[in-house]
Amino acid sequence: MAEGDNNSVYQLASETASLEEQLQGWGEVILLTDKVLRWERAWFPLALMSVVSFSFLMIYYLDPSVLSGVSCFVMFLCLADYLVPALAPRIFGSNKWTTEQQQRFHEICSNLVKSRRRIVGWWKRLFTLKEEKPKMYFMTMLFSLALVAWIGQQVHNLFLTYLIVSFLLLFPGLNQHGIITKYVGMAKREINKLLKHKEKKNE
């Protein structure tokens, strides 16, 4: 293995260990959330969507201002950050972790670090594109932002947020059960059929 690869592996392990230490108080909650998001039981998707739908219905009913909504959300995060590490050991008994639970917690933290690295990598590539191909960067950003603005005008903000949040929360389960792979494969086959049909017509 090259020295650069060794450094990368060591850095990944170091970042993962650091994140594990930071999230230790949230361990049991994270493991429970992971089970729900991966649909370990058949009723988990229904329960998940029920909670999300109820939450958005309450927001729609209360109709808070942006400032009130942000303040309440940050206040909820602060309360959770204070209460969860204190109450979780008493509720779940985190001191009785099995080897399997510890391994899964390590995998989750490792995946979070990798996801963070991917996001940073995409951000850096965007700036590299800006420096190397400014015209392409400008056109890409202009088209993307115009598309997002158009979608925002066509769909109600709260409903659009609901769809995005629902998709993000369902994505791990869809991926875990091979549903995304199945439909992506079907879409690819249909596109290939259309391309072949078009080629035959051109001949």
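Q: What makes D63 count as exposed in this predicted model?
A: D63 has a relative accessible area of 61%, and exposed means over 50%, so D63 earns the label. You will find D63 in the loop between helix 3 and helix 4.

Q: What is noteworthy about the phi of D63?
A: Phi of D63 is positive, near 50°, and D63 is a residue other than glycine. This residue comes just after helix 3.

Q: Which residue in the loop between helix 2 and helix 3 can we look at next?
A: That would be W39. Phi of W39 is positive too, at about 55°, although W39 is not a glycine.

Q: Why is W39 called buried or exposed?
A: Buried means under 20% relative accessible area. W39 has 14%, so W39 is buried.

Q: Why does W26 get the label it has?
A: The relative accessibility of W26 is 23%. Partly exposed covers what lies between the buried limit of 20% and the exposed limit of 50%, so W26 counts as partly exposed. W26 sits in the loop between helix 1 (3–22) and helix 2.

Q: What does W26 touch, if we leave out residues up to four places away in sequence?
A: W26 touches A80, D81, V84 and P85. A contact means heavy atoms within 4.5 Å. Another residue to find is A88: W26 and A88 are 62 residues apart in sequence, yet their C-alpha atoms are 7.2 Å apart in space.

Q: How do you know that the length of helix 3 agrees with what is expected?
A: Helix 3 runs over residues 44–62, which is 19 residues. At 1.5 Å a residue, they should span 27 Å, and the end C-alpha atoms are 27 Å apart, so the two values agree.

Q: Which residues of helix 3 are buried, and how do you know that they are on the same side?
A: The buried ones are F44, P45, L48, M49, V52 and F56. They cover an arc of only 125° around the axis, and therefore lie on the same side of helix 3. Helix 2 (27–37) and helix 7 (157–176) are among the elements that cover these buried residues. On the face turned away from the buried side, you can find the exposed residues L46, V51, F54, L57, Y61 and L62.

Q: What makes L168 exposed?
A: Its relative accessibility is 55%, and the cut-off for exposed is over 50%, so L168 counts as exposed. L168 has its place in helix 7. L168 and L37 are 131 residues apart in sequence, while their C-alpha atoms are 9.7 Å apart in space.

Q: Which helix supplies the largest share of the lining of the largest pocket?
A: Helix 7 does, with ten residues. Helix 2, helix 3, helix 4 (66–92) and helix 5 (99–132) also each supply at least two residues of this lining. The lining has 46 residues, with T33, L37, F73, V165 and L169 nearest the centre of the pocket. The volume of this pocket is about 2,100 Å³.

Q: Where does UniProt list a "transmembrane region", and how much of residues 68–88 and 159–180 is helix?
A: The unreviewed UniProt entry lists residues 42–62, 68–88, 136–153 and 159–180. In the model, residues 68–88 are 100% helix, with end C-alpha atoms 29 Å apart. Residues 159–180 are 91% helix and 0% strand, and their end C-alpha atoms are 23 Å apart.

Key. Residues are numbered from 1 along each chain as its sequence is written. This is a predicted model: local features need pLDDT of at least 70, side-chain atom pairs count only at pLDDT 80 or more; totals for chains, interfaces and linings use all residues. Side-chain values use heavy atoms; hydrogens and water are left out. UniProt positions are given in the numbering used here, feature names are shortened, and annotations may be inferred rather than shown by experiment. Helices (H or I, at least four residues) and strands (E, at least two) are DSSP runs, numbered from the N terminus. The expected span of a helix is 1.5 Å times one less than its number of residues. Buried means under 20% relative accessible area, exposed over 50%, partly exposed in between (1.4 Å probe, protein chains only). The arc is that of the directions from the helix axis to the C-beta atoms. On a 1 Å grid over the protein atoms alone, a cavity is a set of points where a 1.4 Å probe fits but cannot get out, and a pocket is an open set with protein on both sides within 12 Å along at least five of seven lines; lining residues have an atom within 4 Å of a point. Grid points are joined across faces, edges and corners, and a volume is the space filled by probe spheres set on the points.
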